[in-house]
There are 2 protein chains.
Amino acid sequence: MAAMGLLATPAAYAGPPALPPGNGRRILLLGAGIAGLVAAWELGQAGYDCLVLEARGRTGGRNWSLRAGDEILETDSVQRVRWDTGEHLYFNPGPARIPHHHEGILSYCRMLGVKLEVMCNDNRGAWMQDDAAFGGQKQRSRTVIADARGYVAELAAKATDQAALGAPVTDEDRERLRAFLRAFGALDADLVYRGSSRAGYALPAGVGAETGRLAPPLDLRQLLSSNFWQGPMQFGELLFQAATMLEPVGGMGQIGGAFGRRLTDVIRKNAVVTALRRTESGAQVTWREAASGIEHVEEASLVLCTIPFPALRTIDADFAPETRAAIAALSYVPAAKVAFEAKRRFWELDDAIYGGISWTSRDSTQIWYPTAGINEKKGVYVGAYIWSEETGRAFAAKAPADRLAATLADTELLHPGASAALRRGVSVAWPKIPFTGGAWAEWEPAARADAYPRLLAGDGPYLFAGEHMSNINGWQEGAVRSAHYALAQIGERIKSGP
Amino acid sequence: MAAMGLLATPAAYAGPPALPPGNGRRILLLGAGIAGLVAAWELGQAGYDCLVLEARGRTGGRNWSLRAGDEILETDSVQRVRWDTGEHLYFNPGPARIPHHHEGILSYCRMLGVKLEVMCNDNRGAWMQDDAAFGGQKQRSRTVIADARGYVAELAAKATDQAALGAPVTDEDRERLRAFLRAFGALDADLVYRGSSRAGYALPAGVGAETGRLAPPLDLRQLLSSNFWQGPMQFGELLFQAATMLEPVGGMGQIGGAFGRRLTDVIRKNAVVTALRRTESGAQVTWREAASGIEHVEEASLVLCTIPFPALRTIDADFAPETRAAIAALSYVPAAKVAFEAKRRFWELDDAIYGGISWTSRDSTQIWYPTAGINEKKGVYVGAYIWSEETGRAFAAKAPADRLAATLADTELLHPGASAALRRGVSVAWPKIPFTGGAWAEWEPAARADAYPRLLAGDGPYLFAGEHMSNINGWQEGAVRSAHYALAQIGERIKSGP
């Protein structure tokens, strides 16, 4: 079956695990991000008495959409979003897309009535730019991709008339293989790549004599010198980046918001956890009201901790030494994003770019164009999405105003003159966001092999969940699946417990 | 510049041509499809006195969305759409997508305030099925595409250690080329393709021990036996099919409708043209009211005819013999579509397919899943989109009920059990649609070289426009560009005329 490809599709999504009846049993959950919200929802459905302690004044955690009037609090700065209001005028500093096979998070969207729309992720009309190739001149994504594909097919064709094929083949097989390569790469009849309409026209087709004129293909040596093939060019082929890509209408934060509205009774916002202590029957959680500083203590037999580790490390907890070491072993990606209100949707009007992502070798790395609000007057332009270790750290170290200036300078390279249309920029550098302290978890192989299973087993009354406790790091699906895993653990403990 | 790729992007859209002031000069336009509507709009803006004669009771022509209560009239049948009402419950029997670089039609959407959304065209989660390969078993698009890509890269890598490279290369160049091929095809370190997460997992990643298990790649010989590489596999690479793909919110017919509302005063609906005659000062057009049969005669110095040729051939016109021969020389694609109301969005719920297209080697050819209304209860499922000559003709010859039965049988192959959720099917076979008579123009090379330029020059008072008069056949952009071309001709005639 596997050889026939019958198994090569994601297994059907199993849904949350069945739980033994809660009968009012108390469970404490730390953090109202996606993992905490999913767990609280399912536990509530099964009759458990949950209390979710959330340090922020909102639910969702990294699931977050910024709009006019919102504040961005970093450890050493405050920014306020001063954009116009409008359904399409939002910015997702955290997750901003949902792959179509992330059926866990998608099923919660369905349950919550969160409307979804198709998001363009891989736009062949967007730009790729690398200072190290083509004299730094930007290229259309379609040109890079089609020309590279053509060259690969041409090279492959050279191997078809040689012993390279390895096994004996008939003339008919060889001709079929060549026809396949011709189709694959848009090769000429002689198996040479000389350019293709897939790469776009130098002069597009129109009427009469305008039959469409191709440009010669990009120079292969320049292509090989570029960083395009080290990421951007294959981007749309990746399982987690390929179409269909989805987004909630009105911003990713719709999910955290919808969960929050359904769980009002069990979530305590502005509740900052300060200490965790074991007790005879479970654990004691100390927390303080963010505004007043008043302290409270809660007890429960189980505590599900979904707090990201950079924040968890700062809490006074009596974890076992190996747990503490495991929590310390996890690194987080220092991602950052910068967004502006655009007075004019120049990417649509001047470049025919509708959604998707442009790439640059400069620090800004990725530019995101909104799928929402096509052809509206204004839009939110994400001028930088950075995730590499060095650049991310350096960016977080900059003052917000300096981040904006750096982003606009890079934008000018891809969209000359565009920065005049961009204003009221804001940035989110995740390493400096309190109660999170990083964008997403990245397990080093050694820690994945050793620390991860240790944490997964739990530590006495403490269980751990969140994207960091999954093998789908950096995606909300990881948080959902991890919450389900923790629910199964809770069920097992209760079934086997006293 | 071209070698650097600087010209390899579509030239900026120039917009409609400037026209000399109309000063109330009368121009007759035949047909209120996209070409006629664009021409009427621009002429009106310039002060011309237009009259558009439209045979149907609605504007748009092939730009058409069907909803509850609408009728489909073919030459020998009438169907009524008996679906529920709902913004997302529509069917576009004609054009259903707008590529992001079709700036002509997109600029009219902007001008008209027609809202656009991203449409998923190439969905890597959709199915490909071919009776001639893999025992007829469907495969996920992502699996076919990733595995084929891997095999091509592996083959190309075999050519890198041989004289096949043609020019002398350094070791460093060769290693860079190999690294590129590894990235291109997701090859292992030894340049062999052994499967990739791009193809999807046999068991997806989750939590703990669920780290994701790959399936072995599809058998290359089976892939080569399939028709996948003769179209479906390269589909998303084509200039006119690649992302970003757009669609009007609420259906393609929004464009024809919005034009129609702005041009109410100049469009005469239900006006069937029956005869065209030259006069001393231009031409005389005879038309009859569709309901009453009452005849009218109009005169103008110029007549812009946008009627598709299968319909134009049936009109009593005094075209020159070469014009008549040229009109006779054009073939039209006999495309057809079949749509059902789905009681349950099984493609989303069971297969995690959100929009996009599945392919089958059976007659249904393509299945389209709606981008609109994701996660709603119901949806419109397009079970067949057929355009090949033989299948299209055979399909048009079937009675509507037989078309539905044939489509459901094919659907069962890709979505077993799904036909129970499908009801109230309707079909549109373009060869049998009055006043159009075909889906879109396809010029044979000889006719393109000879008849096309002849027609483009016009014939006395008669000028021709429409997608058929462009080099962008089958796309609304062709109609727009052709209308602009005709407007420039009108301007020239007026400037040089008496």
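Reply: Contact here means heavy atoms within 4.5 Å, and by that rule 100% of the interface residues of chain A are also interface residues in chain B, so the copies meet through the same surface. The model is a predicted one, in which local features need pLDDT of at least 70 and side-chain atom pairs count only at pLDDT 80 or more, while totals for chains, interfaces and linings use all residues. Residues are numbered from 1 along each chain as its sequence is written, chains are lettered from A and ligands numbered from 1 in the order in which they are written, and side-chain values use heavy atoms, with hydrogens and water left out.

Me: By what turn and what shift can chain A be laid on chain B?

Reply: Two copies of a chain are related by a rotation about an axis and a shift along it. Here a turn of 180° with a shift of 0.0 Å along the axis lays chain A on chain B with an RMSD of 0.0 Å (least squares on the C-alpha atoms of residues with pLDDT of at least 70 in both). The two copies are thus related as by a two-fold rotation axis. In chain A, the residue that comes closest to this axis is A:Ala156, whose C-alpha lies at 1.8 Å.

Me: How many disulfides does a search of the whole structure find?

Reply: A disulfide is a covalent bond between the sulfur atoms of two cysteines, taken here as a pair of cysteine sulfur atoms within 2.5 Å. The search finds 0 over all chains. For A:Cys120, the closest cysteine sulfur is in B:Cys120, 9.5 Å away, which is too far for a bond. The sulfur of B:Cys109 is 17 Å from its closest cysteine sulfur, in A:Cys120, again too far for a bond.

Me: Is helix α2 (residues 103-112) of chain A largely enclosed or not, and why?

Reply: Helices are DSSP runs (H or I, at least four residues) and strands likewise (E, at least two), numbered from the N terminus, and buried means under 20% relative accessible area, exposed over 50%, partly exposed in between (1.4 Å probe, protein chains only). In α2(A), 8 of the 10 residues are buried, so the helix is largely enclosed by the rest of the structure. Among them are A:Ile105, A:Leu106 and A:Cys109, and the buried residues pack against elements of chain A including α1 (34-45), β6 (116-119) and α13 (476-496). After α2(A) comes A:Gly113, with a positive phi near 70°.
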